Amino acid sequence: QNGAGLRTGAQAPAGPPWLQQLPALSSGGELKAAGEEGRRGPAASFHGQRPPPGSAALKGPNSRSEQLLQAIFFGVACLEDVLKRTKGEKDIKFVTAFRDLLFTTLAFPLSTFVFLAFWIIFLYDRELIYPKVLDTVFPVWLNHAMHTFILPFSLVEVILRPHCYPLRKKGLTLLTAAGLAYVSRTLWIYSETGTWVYPMFAKLSPVGLAALFSLSHIFIIGIYLFGEKLNHWKWGDRMQPGKKRK
C-alpha cells in the first residue's frame, strides 16, 4: 500500500524530519530524471536552479583536471624521494625522468598560464571569468588554492630542484596535446550543457574563440621556453642523457 501511494503521488507515511522534507515522486520517469540530474552534478543544478549562461560554476571538470595534474606530479615527486632513500638513485631513473617530464612539459607551463591568465582577466573584469556570485559558493581560500598558490609552488620547485628537459620537439608536442585535450573538454561541456565554463567564452564568436585558444597556446609555449631558460640559468644545461636539443 505504501508503494502504491508513492506511485500515485500520495504523501508517504510520516517519518524522520529529513524524510518528510523530500519531494514526492509521482512516477518512475520523475525518479529517473532526478537520478540523471544528480549524476550531472553542478553542471545541471546551481542552488536548485540551472546556472545562468556562461556561469563559471561549470568550470568544475577543468579545475579538477588542473588539480589532478598537480596531485599526480607531487605524488610522483614524493615517491621519488622515498625510493631514492631506499633503493638509490640508479634504480629509480624512470621515476626521476617521469617527474622531470611531467613538471617541465605540463605542471610548470600550465600552472604559470593559469595564474597569469586568471588574475589578469579577474582584475580587468571578474565577471568575465569568476562572477562575484561564486563567492557565496566557493570560499576564498579555494579560489586561491586553484589559481594563486600553484605558481609559488612551481617556482619553489624550479629553484630547489634541477630538472632535465626533454627534446624541445617532444616537450612542445606533449604540451600541444594537453592543450587540445583541454579545448576538447571545454567544447564537450558546452555541447552537453549549453553553457560555457567561463562567461567570457559566451561573448566571443567562433572565430574569436579560435583566436583566443590559438593565442593562449602561443602564450603557453612562451612560458615553456621561459621555464627552459630559467632552469638553464639556475642549474646549467640539463637534458635527458644522450640527447641533443633541437
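Both Phe201 and Phe213 are buried, where buried means under 20% relative accessible area, exposed means over 50%, and partly exposed lies in between (1.4 Å probe, protein chains only). This is a predicted model, in which local features need pLDDT of at least 70, side-chain atom pairs count only at pLDDT 80 or more, and totals for chains, interfaces and linings use all residues. Residues are numbered from 1 along each chain as its sequence is written, and side-chain values use heavy atoms, with hydrogens and water left out.

**Exercise 1. Describe the fold of the chain.**

Solution.
- Step 1. Take helices (H or I, at least four residues) and strands (E, at least two) as DSSP runs, numbered from the N terminus.
- Step 2. Count them: ten helices and zero strands.
- Step 3. Turn to burial. Of the 246 residues in the chain, 36% are buried.
- Step 4. Take a contact as heavy atoms within 4.5 Å. Among contacts in the chain with a separation of 6 or more, 74% join residues 24 or more positions apart.

**Exercise 2. Classify the aromatic pairs around Phe201.**

Solution.
- Step 1. Set the rule. Rings of Phe, Tyr and Trp (its six-membered ring) pair if their centres lie within 6.5 Å; planes under 30 degrees apart count as stacked, over 60 as edge-to-face and the rest as tilted.
- Step 2. Apply the rule to the structure. The count is eleven aromatic pairs.
- Step 3. Take Tyr190 and Trp196. Their ring centres are 4.0 Å apart and their planes meet at 10°, so this pair is stacked.
- Step 4. Check burial. Tyr190 is partly exposed, at 35% relative accessibility. Trp196 is buried, at 10%.
- Step 5. Take Phe201 and Phe213. The centres lie 5.6 Å apart and the planes stand at 75°, so this pair is edge-to-face.
- Step 6. Place the two rings. Phe201 is in helix H9 and Phe213 in helix H10, so the pair ties together parts that are twelve residues apart in sequence.
- Step 7. Assemble the group. Tyr190, Trp196, Tyr198, Phe201 and Phe213 form one aromatic cluster.

**Exercise 3. Find the largest nonpolar core and its main contributor.**

Solution.
- Step 1. Define the core: a set of buried Ala, Val, Leu, Ile, Met, Phe, Trp, Tyr and Cys residues joined through side-chain atoms within 4.5 Å.
- Step 2. Find the members with the most links. The largest core has 16 residues, and Phe118, Phe122, Ile129, Tyr130, Tyr198, Met200 and Phe201 touch the most other members.
- Step 3. Assign elements. Helix H5 (93–125), helix H9 (199–202) and helix H10 (206–235) each give two or more residues to this core. H5 gives the most, with four residues.
- Step 4. Look at one member. Beyond its neighbours within four places in sequence, Phe122 is in contact with Ile129 and Tyr130.
- Step 5. Look for another core. A separate one has 15 residues, among them Leu69, Leu102, Ile220 and Tyr224.

**Exercise 4. Compare the settings of Phe149 and Leu151.**

Solution.
- Step 1. Locate both. Phe149 sits in the loop between helix H6 (140–147) and helix H7 (150–160). Leu151 belongs to helix H7.
- Step 2. Assign exposure. Phe149 is partly exposed, at 43% relative accessibility. Leu151 is buried, at 13%.
- Step 3. Take C-alpha distances to Ser111. Phe149 is 38 residues from Ser111 in sequence and 9.2 Å from it in space. Leu151 is 40 residues from Ser111 in sequence and 5.8 Å from it in space.
- Step 4. List contacts. Setting aside neighbours within four places in sequence, Leu151 is in contact with Thr112 and Phe115.

**Exercise 5. Check the annotated spans against the model.**

Solution.
- Step 1. Read the record. An unreviewed UniProt entry places "transmembrane region" at residues 101–121, 141–160, 172–190 and 210–227. UniProt positions are in the numbering used here, feature names are shortened, and annotations may be inferred rather than shown by experiment.
- Step 2. Take residues 141–160. The end C-alpha atoms lie 26 Å apart, and the span is 90% helix and 0% strand.
- Step 3. Take residues 210–227. The end C-alpha atoms lie 26 Å apart, and the span is 100% helix and 0% strand.

**Exercise 6. Search for disulfides.**

Solution.
- Step 1. Look for pairs of cysteine sulfur atoms within 2.5 Å.
- Step 2. Report the result. The whole structure has zero disulfides.
- Step 3. Add exposure for two cysteines. Cys78 is partly exposed, at 46% relative accessibility. Cys164 is buried, at 17%.
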